[in-house]
Amino acid sequence: SVVCSTLSFSGSGMFARMEKPFDAVIVDEAAQAVEPSTLVPLVYGAKQVFLVGDPRQLPATILSSTAIENKYDMSMFKRFQLCGYPVHMLKTQYRMHPAIRDFPSKCFYDDELVDGPKMAALTARPWHKFSVFRPFVFFDIKGKEYSTAGHSWANDDEAEFAVVLIMNLLKKFPELGVGEHVAVISPYKAQVKNIRKKIKERLGAERAKAIDVNTIDGFQGREKDVCIFSVVRASQNRKHKKSRGLGFVADERRVNVGLTRAR
């Protein structure tokens, strides 16, 4: 009596042959779907519709700038929210250390996020006693980003620093090198490729497999014990908040996902 499907597959002939409408349609990750996609499972009728998602994380991937200018990237979830439709926010988080939760909560969620019971104790780890391995740390790297042939961006100094961090972490806590505990995240595919290469050179092919290196888009919905976020680009004029030197990293939804993958 429960049918699970992607939005696109719900438009197949299998659904069209049903004799009665759904009692309820639940759309997960609704804030990451374009409106026409969300409409597909609703054409059969439903007594109730639940849209579940986070409009402050990644929207649908739209390649056309013209489409984005005409709001094609806006989800039905976001449109209802902007129209004043009441949204019930789930405020309690059970993933991360309170020190990791604090910054995203203040910057992206109006300081409304609260921690589940005993989250500080449940997420405390032995490496937190080292200042460079505290739960939430910013490192200002005086590196230089550069554009690659594939129109992506990379930053060798950040990549090198990320690898050194990993090597020191694994040296002091070798248990992190067994299983999937550590991730490196970056907005740019060129930087992901850059970091993967450097990790393989330093750790060897076999040990490098334990370090998950991926883009922000490839990491939405996932989590790791330790995450290193390589931003790659920095604003040329730090005093000018609307500087275009950040590219699509200036989208706070993308940064929010990158900063909230770690436990």
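User: Is Cys-83 buried or exposed in this structure?
Analyst: Happy to start there, and keep in mind that this is a predicted model. The relative accessible area of Cys-83 is 65%. A residue counts as exposed when that value is over 50%, so Cys-83 is exposed.

User: What about Cys-4, buried or exposed?
Analyst: The same cut-off helps here: over 50% means exposed. Cys-4 has a relative accessible area of 72%, so Cys-4 is exposed.

User: How many disulfides does a search of the whole structure find?
Analyst: A disulfide is a covalent bond between the sulfur atoms of two cysteines. To count here, the two sulfur atoms must lie within 2.5 Å. With that rule, the number of disulfides found in the whole structure is 0.

User: Let's turn to charges. How many salt bridges are there in the whole structure?
Analyst: Side chains of opposite charge can pair when their charged atoms come close. The cut-off is a nitrogen of Lys or Arg within 4 Å of a carboxyl oxygen of Asp or Glu. Searching the whole structure this way gives a salt bridge count of 18.

User: Which residue forms a salt bridge with Asp-212?
Analyst: The closest N and O atoms of this pair are 2.4 Å apart. The pair links distant parts of the chain, with Asp-212 in strand 8 and its partner in the loop between strand 8 and strand 9, 10 residues apart. Asp-212 is buried at 16% relative accessibility, whereas the partner is partly exposed at 30%. That partner is Arg-222.

User: Over the ring of which residue does the charged end of Arg-222 sit?
Analyst: Arg-222 is the residue that forms a salt bridge with Asp-212. The charged end of Arg-222 also sits over a ring, 4.2 Å from the ring centre. The ring belongs to Phe-219.

User: And the charged end of Arg-233, how far is it from the centre of the ring of Trp-153?
Analyst: Here again a charged end sits over a ring, with Arg-233 above Trp-153. The distance to the ring centre is 3.8 Å.

User: In the salt bridge of Asp-102 and Arg-101, which residue counts as buried?
Analyst: The two side chains meet at 3.7 Å, N to O. Asp-102 has a relative accessible area of 28% and is partly exposed. Buried means under 20%, and at 14% the residue that counts as buried is Arg-101.

User: Which residue caps the N-terminal end of helix 10?
Analyst: Look for a side-chain oxygen that lies 2.9 Å from the backbone nitrogen of Arg-253. The residue that provides this oxygen also forms a salt bridge with Arg-253, with the closest N and O atoms 3.2 Å apart. At 24% relative accessibility, this capping residue is partly exposed. The cap is Asp-251.

User: How many residues of helix 10 are buried?
Analyst: Helix 10 runs over residues 252-259 and is mostly covered. Among its buried residues are Val-255, Val-257 and Leu-259. What covers the buried residues includes helix 5, strand 7 and strand 9. Of the 8 residues in the helix, the number buried is 6.

User: Now for rings. Why is the pair of Phe-15 and Tyr-44 stacked?
Analyst: The structure has 11 aromatic pairs. In the pair of Phe-15 and Tyr-44, the ring centres are 6.0 Å apart. Planes under 30 degrees apart count as stacked, and the pair is stacked because its planes meet at 25 degrees.

User: Where in the chain is Tyr-44?
Analyst: Phe-15 and Tyr-44 are both buried, and they form one aromatic cluster with Phe-9 and Phe-22. Phe-15 is in helix 1, and Tyr-44 lies 29 residues away in the chain. The place of Tyr-44 is the loop between helix 2 and strand 2.

User: What is the phi of Lys-118?
Analyst: Lys-118 is found in the loop between strand 4 and helix 6. At 68% relative accessibility, Lys-118 is exposed. Lys-118 is not a glycine, yet its phi is positive, at about 60 degrees.

User: Is Val-232 buried or exposed?
Analyst: Val-232 sits in the loop between strand 9 and helix 10. Phi of Val-232 is also positive, near 80 degrees, in a residue other than glycine. With a relative accessibility of 1%, Val-232 is buried.

Definitions and conventions:
Residues are numbered from 1 along each chain as its sequence is written. This is a predicted model: local features need pLDDT of at least 70, side-chain atom pairs count only at pLDDT 80 or more; totals for chains, interfaces and linings use all residues. Side-chain values use heavy atoms; hydrogens and water are left out. Buried means under 20% relative accessible area, exposed over 50%, partly exposed in between (1.4 Å probe, protein chains only). Helices (H or I, at least four residues) and strands (E, at least two) are DSSP runs, numbered from the N terminus. Contact means heavy atoms within 4.5 Å. A polar contact is a pair of N or O atoms within 3.5 Å; within protein, one must be able to donate a hydrogen and the other to accept it, and residues adjacent in sequence count only if both atoms are side-chain atoms. Rings of Phe, Tyr and Trp (its six-membered ring) pair if their centres lie within 6.5 Å; planes under 30 degrees apart count as stacked, over 60 as edge-to-face and the rest as tilted. A charge sits over a ring if NZ of Lys or CZ of Arg is within 6 Å of the ring centre and within 35 degrees of the ring normal.
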